[in-house]
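Grab a pencil and work through these short exercises. Each one sets a task and then walks through a solution.

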Amino acid sequence: MKKSILTLCAFAWTIGIFAQDNAWQQQADYQIDVAMNVKNFQYKGVQKLTYTNNSPDTLSTVFFHLYYNAFQPNSEMDANLQNLPDPDSRMTINKGTRQQPIYESRIAKLAPDEMGYLRIKSLTQDGKNATFSHESTILKVILPTPILPHSKTVLNLNFEGQLPVMIRRAGRNSPDGVALSMAQWYPKMVAYDHKGWHTTEYLGREFYGVWGNFDVKITLDKTYLVGASGVLQNPNEIGFGYEDKGVKVPATKSPTKTWHFIAERVHDFTWAADPEYVHDKHQLADGKTIHFIYKKYQDTWKKIQQPMLQVFAYYNQLVGKYPWPQYSFIQGGDGGMEYAMCTLMVGNEKYERLVGTAAHELAHAWFQHLLATDEAAYPWMDEGFTSYIEYLAEHYVLNLNQSDDPFEDAYEGFFRMVKMGLHEPTITHSDRFATNRGYTATAYYKGLLFLTQLDYIMGNEALIKTLKRYYKEYAFKNPTPNDFVRIAEKVSGMQLQWFLNEFMETNHTADYAIDKVENKNNKTEVTLKRLDRLPLPVDIWVTDKAGKVRYIYIPLRMTYAEKPNVYPAYERTVLPAWGWGNPTYTFTLDMPLTDIKSIIIDPKNRSIDMNKDNNLYNSK
């Protein structure tokens, strides 16, 4: 099993065939032994980190994330919650009314034995003491010996932590009653790439990690079952349905058990534990396994299992093969959150809600954990792309969405955001959005619509080919928006940098209108007008009074190409390209105005044209 995944990873490192923004990636290999006291929720650990500097830079200082320090009164996360106009409801209490809310941070009320912390007790580099300082959720380490380019060093840390009351994603005794949800629990190396160190204070949103191999041993009360990233190495010592059939789990007088997991080529390691977990396992035809680990008496968790196996197969076909040996759905946390080879999800939900959450979090295995973009800088490449394939799965596999358009909710969410004045450029750092609603609509809806608009511009076949090639060439490579657009250009033959700039890096919106329809010499002259700044190609249907439809396509000049006929049932007329500098465009139909029943721009509402009311001409 180890050999096969390492072979695949080595292949993934070498398949890129053209230059990328992140031309190299650092490597952080972890060996962690942690012991958890399930009574006071405190833990102690030792960590050996082998860090490979694949960059061209000499590093004299390194940084670690200490995420649990955010769950303390007066932390930056606490302050941010108290200053946002619409903070996360899971992290706050509304002391006012729905109409006039007064939000109070739950973190501000944590007692010393309820808050979280992660503290480093000692740290050495290759046996030499290093100088380090705790700076909120960041540990700054000044090395005794700089790490030269293309060299390795070993950092040994002793640490202690306390799991906070469940506030967000990680914590103890969640509303579901899960005892331990251990996400972002260890000293985690900060990402270093072509932009430098990503020393982002944790405010509750996104992550960016370093590729590595994890060898983790977790010791805790023997009555607890553990679900985690990675593959369990000692199932016959553990039991609880992990052991091989026919093998008797040896009895032990020890009050604890040690769970040993290995996860290869991931950028995170997460686990959860509870004495009332049950474990269901499914073996796939290719040998991979899918695990469901959840609290007893949860019939809905049984109901979602077969549908999620179908979704897993769908994503494999749609994007590319999932490379790791297993994936686990684990009840824990709040809502749902993706982690390496697993997700923590809320329980006690209705089927539609639970299976939808599961489909979304599983999709993150491709769009985040296989590609690992800097989601703090580009959350839309993570959440938007994930939502795109999730919506497709909900529509075509789960039959949750009966609308003709699987993405209808995303269009409505984006239009609503713009009309409410919450529209911010997607280049805004994920922690710096003025509102939570603006962040959500931008990362999820606008990120999804980036793909639907590429579909509109270059056609669905080219978009799906782009997704597949993007996965194939950038798995395990921390791609950027430019990397994705370059693949789209190569697949479609179009120039598309303008779209990345206009739609994702500005607040520009689109509005195309039918300005005039006039009879000219027994023909019909149609004038279109671009009212907003975002350029798009234009699809038009002309329906005559006999019911015949003519499809008119006006390419956008700046693409320097034409998309295929996306309405093959209709004969298409391709007109000369429309240049952005001209706000109007006039063309002539070889038919009298009296024969025309209607003219409509974008008849299937596939574009992000903000005002559909001016898209239609009807004969009187």
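**Exercise 1: The surface**

How much area does the protein chain expose, and what share of it do carbon and sulfur atoms supply?

Start by keeping in mind that this is a predicted model. The protein chain exposes about 25,200 Å². Carbon and sulfur atoms supply 49% of that area.

**Exercise 2: The overall build**

Work out whether the radius of gyration of the protein chain agrees or disagrees with that of a compact globule.

Step one: take the chain length, 620 residues, for which a compact globule would have a radius of gyration near 25 Å. Step two: look up the value for the protein chain, which is 27 Å. Step three: put them side by side, and the two agree.

Now add some context. Along the principal axes, the C-alpha atoms fill a box of roughly 95 × 55 × 55 Å. Of the 620 residues, 60% count as buried. Take the contacts with a separation of 6 or more, and 70% of them come from residues 24 or more positions apart. As for secondary structure, the chain has twelve helices and 33 strands.

**Exercise 3: Two residues in loops**

Decide for threonine 428 and then for serine 136: buried or partly exposed?

Begin with threonine 428, which sits in the loop between α8 (408-419) and α9 (436-458). Its relative accessibility is 16%. The cut-off for buried is under 20%, so threonine 428 counts as buried. Leaving aside neighbours within four places in sequence, threonine 428 is in contact with Ala377 and Phe433.

Next comes serine 136, found in the loop between β8 (131-135) and β9 (138-147). Here the relative accessibility is 33%, so serine 136 counts as partly exposed. Not counting residues up to four places away in sequence, serine 136 touches Leu66, Asn69 and Glu201. Serine 403 is 267 residues from serine 136 in sequence, and their C-alpha atoms are 47 Å apart in space.

**Exercise 4: A hairpin**

Which residue in the hairpin of β24 and β25 takes a positive phi?

First, find the strands: β24 (residues 336-339) and β25 (residues 342-345) pair in the antiparallel sense over four bridges. Second, pick out a pair: methionine 337 has leucine 344 as its bridge partner in β25. Third, look at the two residues between the strands. Methionine 341 is the one you want, with a positive phi near 60°.

While you're at β24, check its side chains. Gly336 and Glu338 point one way, Met337 and Tyr339 the other way, and all are buried.

**Exercise 5: Strands side by side**

Strands of a sheet pair through backbone hydrogen bonds, either parallel or antiparallel. Which strands are at the edges of the open sheet of four strands?

Write down the order, β11-β12-β20-β17, with antiparallel pairing. The edge strands are β11 (171-172) and β17 (225-228), because each pairs on one side only. Zoom in on β11 and β12 (residues 180-182), and you'll find two bridges. Glycine 171 has serine 181 as its bridge partner in β12.

Now turn to β10: which residues of β10 stand opposite threonine 52 and serine 122?

Strand β2 (residues 42-53) pairs with β10 (residues 151-162) in the antiparallel sense over twelve bridges. There, threonine 52 stands opposite lysine 152. Strand β6 (residues 117-125) also pairs with β10 in the antiparallel sense, over eight bridges. In that pairing, serine 122 stands opposite asparagine 158.

How values were computed:
Residues numbered from 1 in each chain as written. Predicted model: local features only at pLDDT ≥ 70, side-chain atom pairs only at ≥ 80, totals over all residues. Heavy atoms only, no water. Rg over C-alpha atoms; globule rule 2.2 N^0.38 Å. Buried < 20%, exposed > 50% of the residue type's maximum accessible area, 1.4 Å probe, protein only. Contact = heavy atoms within 4.5 Å. Areas by Shrake-Rupley, 256 points an atom, 1.4 Å probe, with all protein chains shown as cover. Pairing = 2+ DSSP bridges.
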